[in-house]
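Open the model in your viewer and get ready to select. We will go stop by stop.

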Amino acid sequence: MPLTRSLSMSSLSGLPLWEEEELPVENLLLFEVAWEVTNKVGGIYTVIQTKAKITVDEWGENLFMMGPYYEHNINTQVEKCEPSNPAIKKAMGALTENGCPVYFGRWLIEGSPYVILFDTKAAAWNVDRWKGDLWDTCGIGLPFHDIEANDSLIFGSMVAWFFKELTDQLGDSPNVLAHFHEWQAGAGLILCRSRKIPIASIFTTHATLLGRYLCAGNVDFYNNLDKFNIDQEAGERQIYHRYCLERAAAHCAHVFTTVSQITAVEATHMLHRKPDVVTPNGLNIRKFSAMHEFQNLHSTNKGRIQEFIRGHFYGHLDFNLQKTLFFFIAGRYEFSNKGADIFLESLSRLNYLLRVHKSDVTVVVFFIMPAKTNNYNIETLKGQAVRKQLWDTAHTVKEKFGTRLYEALLKGDLPDMNTILDRDDFTIMKRAIYATQRHSLPPVTTHNMLDDASDPILANIRRIGLFNARVDRVKIVFHPEFLSSASPLLPMDYEEFVRGCHLGVFPSYYEPWGYTPGECTVMGIPSVTTNLSGFGCFMEEHVSDPTAYGIYIVDRRFRSAEESCNQLTQFMFGFCQQSRRQRIIQRNRTERLSDLLDWRYLGRFYMHARSLALSRAFPEKFWMEPLAPPQTEGFRYPRPGSVPPSPSASVHSTPHHSDEEDGDEEELYDEDEEAKRDRQNIKAPFSLGKKSVKKHSSNNFMIDS
């Protein structure tokens, strides 16, 4: 489901389109090969799913996605049908007739692309023979106990077999372009190139295998990229065979790409090939008809979160919910990689600052990270039950009060407030008040953890002493499950929850791209990221003053952990000092950046990679002038005019503001005027070089740069 955003004068619809003629797609077939086609495992599923619409718009019926067959996925996500292309139908038939079933259909997502799914379980009887083929081809051996690697080999062997049958059927036209994602699809690419199958190939790594493993082990990764013994490190972690598949695929591809500049640096050292193109990740953005609607959604969903807080903190609800800010972190439970360690330490320091400054702001922080649990926490369930009971009691008394008031007014009498509620009503209310008394602190986790003693988040909460005490201005709620609208605790899906929060905090140490801050941006929610995430690097490059637009970038690359922690603390403390009006203005600015993340603009990098692959695979048909790697410099959002030029003046020095201060800002700020100025300041975006496709002859094309 596409994320929504507003459309108004603030929308930067003036972003110029890329001036490049399209490839002759009627003479090409494009295949996207990935383990996560119809099979959600991680973030690559989001990339492929959200990018499908613009790819289908460009390629139409000539786009096909290839992935593994899982019955439960195809029953809920795929509409089976017969391929209209006879060559594809024959190629599928050749595999199926030899005991390796292949399925065809439409993936029921936006764009409805064709999918070709390979039944790796049914074809597993070939695994030993295909292991031998891989060893004979490139000397890579796969251990029998690595089920995922064996499945990827089965999948890759079937893909290579399919391409051999297909290209034999097609001959010289149309040409085939295959885009392989991640190491799980790498075996197919390696086998295609070793067997000299005539296809143009692209390989994209969304994160290197070894990089993820090393960072998970708390290694000083980025300062030692050139010092690692890559083979030894992979061998010690028992992933050498996977690493070999990934590295071989990167070197076999005609074009090698990755998703961010920081991952390009990593891949250059880990895989020993510099990426040809950086292909940033985007999102589908559906637009509202009025700009204020996303602000209304924030208000509505914030109210639903406040209801949860009323129940969770019953008996300790001595803070003002109207002056309570909701922060959150979400994603895979990778404690160090996702920055949960530095986040918790910064929360401890933020709590100290808020208490020292006697701030009336309270911060409730949600950790949405799935962990092993056995059930909901009884105390948490009780809190929601108590809240509901109080709500029902209040409504019962209100109905009685309203009826008696109405009857008194009908008689022309002013009601006696001492008699309008009887003794029974007061008894009911007193019982409700007594029910809210609790002798323990509100729980920091909503579920019973299976490994409470050694859980990293809970262990660090104990270390910093944030137990939701009355004196603490920072409260913590650890929700170790993905959010669901069917939950009895917090019945909201992820998008609704994000829209109700004030700030997303993602101080990741290892984040090749980072969809979570991107999702916050298109929903108009400010976020914290780092210069070690692809998203953070992208925003630093494209926005003159990211902080003014609600993108706080923590320096984790060139600062020590202590300095980064202090910087994060100051970002959060400065956010807490903002008035409600300042936060509304900042959300408007944040939401205005969403055009930067739209696939309609970021999809051009994939177009460039395809053109480059075709020119290298079929130089006699497609020719491209040599040019420098794609540059994106010069495309920068200006600093908003209403933001003071001095960074020190952009936030107040104390947590308290006067009405006069807010009034001054109201005169300075004009949303429509700022958006207009932004559009005028936009320079030429994403200069990939001007290209055009020219015919040499009836079947030959040239791409000019």
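Which residues of S2 lie on one side, which on the other, and are they buried or exposed? Select Leu28, Leu30 and Glu32 for one face of S2, then Leu29, Phe31 and Val33 for the other. Every one of these residues is buried, which leaves both faces covered. Keep in mind that this is a predicted model.

**Stop 1: strand S2**

Now show residues 28-33 together. Six of the six residues of S2 are buried, so the strand is largely enclosed by the rest of the structure. Why do two faces come up at all? In a regular strand the side chains alternate between the two faces of the sheet.

**Stop 2: the partners of S2**

Add strand S7, residues 175-181. S2 and S7 are parallel and pair over six bridges. Pick out Glu32 and look across to S7: its bridge partner there is His179.

Next, add strand S3, residues 63-68. S3 also runs parallel to S2, and four bridges join them. Select Val33 and you will find Met66 of S3 opposite.

Now colour helix H1, residues 43-59. Together, S2, H1 and S3 form a right-handed β-α-β unit.

**Stop 3: Glu511**

Jump to Glu511. This residue sits in a loop, with strand S17 (503-505) on one side and helix H17 (515-522) on the other. Is Glu511 buried or exposed? Its relative accessible area is 10%, and buried means under 20%, so Glu511 counts as buried.

Show what surrounds it. Leaving aside neighbours within four places in sequence, Glu511 contacts Lys338, Leu532, Ser533 and Gly534. Zoom in on Lys338: its side chain makes a polar contact of 3.0 Å with that of Glu511. Then select Ile262. Ile262 and Glu511 are 249 residues apart along the chain, yet their C-alpha atoms are separated by 9.0 Å.

**Stop 4: the nonpolar cores**

Select Ile309, Phe327, Leu347, Leu350, Phe366 and Phe367. The largest nonpolar core has 85 residues, and these six touch the most other members. Highlight helix H12, residues 340-356: it supplies the largest share of this core, seven residues. Where does the core lie? Domain 1 (25-284) and domain 2 (286-377 + 443-596) both give residues to it, so it lies between them.

Centre on Phe366. Beyond its neighbours within four places in sequence, its contacts include Ile305, Phe308, Val477 and Phe497.

Last, select Ala91, Leu95, Phe118 and Leu170. They are among the 77 residues of a second, separate core. In soluble globular proteins, nonpolar side chains tend to be buried together.

How values were computed
Residues are numbered from 1 along each chain as its sequence is written. This is a predicted model: local features need pLDDT of at least 70, side-chain atom pairs count only at pLDDT 80 or more; totals for chains, interfaces and linings use all residues. Side-chain values use heavy atoms; hydrogens and water are left out. Buried means under 20% relative accessible area, exposed over 50%, partly exposed in between (1.4 Å probe, protein chains only). Helices (H or I, at least four residues) and strands (E, at least two) are DSSP runs, numbered from the N terminus. Two strands pair if DSSP finds at least two bridges between them. A crossover is right-handed if, with the strands pointing away from the viewer, the path from the first strand over the helix to the second runs clockwise. Contact means heavy atoms within 4.5 Å. A polar contact is a pair of N or O atoms within 3.5 Å; within protein, one must be able to donate a hydrogen and the other to accept it, and residues adjacent in sequence count only if both atoms are side-chain atoms. A nonpolar core is a set of buried Ala, Val, Leu, Ile, Met, Phe, Trp, Tyr and Cys residues joined through side-chain atoms within 4.5 Å. Domain bounds come from an automatic or database domain assignment.
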